[in-house]
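User: I am new to this structure and would like to learn how to read its features. Could you take me through them one at a time?

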Amino acid sequence: MALNLEELGIAPAGLDAVRPFAVEGLDVRGRSVAFGPVLQSILERHDYPEPVSRLLAEAIVLASLLGTSLKFDGRFTLQTQTQGPVSMLVVDFASPDAIRACATFDTGRVEALVKAGKATPEALLGHGHLAMTIDQGQHMQRYQGLVELDGISLEEVARRYFDRSEQIPTEVRLGVGELYTRNEGEGHSKTWTAGGILIQFLPEAPERLRQADIDPGDAPEGTQLHEMEEDDAWVEAKALVDTVQDVELTDPEVSVEMLLFRLFHERGVRLFDPQPLSDKCRCSREKIEGVLSGFSVEEKDEMTVDGRIVVTCEFCNAKYEFDG
């Protein structure tokens, strides 16, 4: 069955926009996103090694799906701190649409994993933790949730976070791809693409939120899982999302609406207004001057080279120069 958005009176979300949706027949709400120029701009600016760029792109997709759920003017920050080759990822979303990101990594360790053919996201992250922080602005309390990273994917991070912190059954799929375009007489060019879909089970009756227990992990040997059947509607919704292929998330020709229609047309999917995303940094000369004003004279002297203090923003690479 083909999907004609014009006949339905629906304007496509397009690239670099999150589309909220609901599948009321399954008591599911969710969001889906397709990235294009915004992702390309962020990754191209940093020019990280390919596996690091791919991992950061996954984090950007996840942060956009979570950050756009904010119902107030605030910030959502996703940050990892680990012992792995990629020791830190930071993705910062400021409502309503600004996203920025950067990574810290050990070049030698990343190259060693690539050479060994083991540069998976899980290996790059290693062991540590991921923090999700919601900042509601001045005079409001910040909220932070932590998830242990023990060789799990960012998809599994999201599942664990909502299972343990929010008690909301959640399923997520993330995909990152590269498009190569042949340029006559100039070789080829590479373009990053990415996408994702997140669904949550939100029935009106709380007793329907029952889930199978999370694996007991380091609990004493012999600890038994308490088996519990999941709600049929949630089982169906998860099974449908599990069918999503990476190409459906990374192909610019496959719109978010086409994917949602393919997954849920039999149950009926309700689309809400898309939320655009932009590559936008919040750094400024005034903010950096404020930071420098907090340093002592001795600290400023250590930062001064040839009579100048040069500060480079880790997110957007903008350089600011000040008299030493």
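Analyst: The turns below go through helix packing, empty space and two points of the backbone. Keep in mind that this is a predicted model.

User: How should I read two helices that pack together?

Analyst: Two packed helices are described by the angle between their axes and by the distance between those axes. Take helix 2 (residues 37-46) and helix 3 (residues 50-67): their axes come within 11 Å and cross at roughly 140°. Helix 2 and helix 3 are therefore oblique to each other, since only angles over 145 degrees count as roughly antiparallel. Their crossing is right-handed.

User: Which residues of helix 2 and helix 3 meet?

Analyst: From helix 2 come L39, I42 and L43, and from helix 3 come S53, L56, A57 and I60. Sorted by class, the residues of this contact are six nonpolar and one polar, with no charged residue.

User: What is the angle between helix 3 and helix 6?

Analyst: Helix 3 and helix 6 pack at about 30°, and their axes are 10 Å apart. Angles under 35 degrees count as roughly parallel, so helix 3 is roughly parallel to helix 6. Here too the handedness can be stated: helix 3 passes helix 6 in a right-handed crossing.

User: Which residues of helix 3 and helix 6 are in that contact?

Analyst: On the helix 3 side they are L55, E58, A59, L62 and L66, which meet L154, A158 and F162 of helix 6. The contact of helix 3 with helix 6 has seven nonpolar residues, no polar residue and one charged residue.

User: Now to empty space. How is it found, and what is the volume of the largest pocket?

Analyst: Rolling a probe the size of a water molecule over the atoms shows where empty space is left. In this model the largest pocket holds about 490 Å³ of space. Its lining consists of 23 residues, and those nearest the pocket centre are R31, S69, L70, K71 and Q200. Two or more lining residues come from each of strand 1 (17-23), strand 2 (28-35), strand 6 (127-135) and helix 6 (154-166). By class, the lining of the largest pocket has 13 nonpolar, five polar and five charged residues.

User: How many cavities of 30 Å³ or more are there?

Analyst: The count comes to one cavity of 30 Å³ or more. The largest cavity has a volume of about 80 Å³. Of the 16 residues that line the largest cavity, V33, A34, E248, L249 and V254 are closest to its centre.

User: Which element gives the most to the lining of the largest cavity?

Analyst: Strand 2 gives the most, with four residues. At least two lining residues are supplied by each of strand 2, strand 9 (188-201), helix 8 (246-250) and helix 9 (256-264). The lining of the largest cavity divides into 10 nonpolar, four polar and two charged residues.

User: Last, the backbone. Which peptide bond is cis, and where does P96 lie?

Analyst: The peptide bond from S95 to P96 is cis, and its omega is near 10°. P96 is in the loop between strand 4 (86-94) and strand 5 (98-105).

User: And what is phi of D27, and where is D27 placed?

Analyst: Phi of D27 is near 55°, which is a positive value in a residue other than glycine. D27 sits in the loop between strand 1 and strand 2.

Conventions:
Residues numbered from 1 in each chain as written. Predicted model: local features only at pLDDT ≥ 70, side-chain atom pairs only at ≥ 80, totals over all residues. Heavy atoms only, no water. Axes fitted to C-alpha atoms, helices over the stretch in contact; angles between N-to-C directions. Parallel < 35°, antiparallel > 145°, perpendicular 65-115°, else oblique. Left-handed = near helix turned anticlockwise from the far one by under 90°. Contact = heavy atoms within 4.5 Å. Nonpolar A, V, L, I, M, F, W, Y, C, P; charged D, E, K, R; others polar. 1 Å grid on protein atoms, 1.4 Å probe; cavity = no way out; pocket = protein on both sides within 12 Å on 5 of 7 lines; lining within 4 Å. Points joined across faces, edges and corners; volume = space filled by probe spheres on them.
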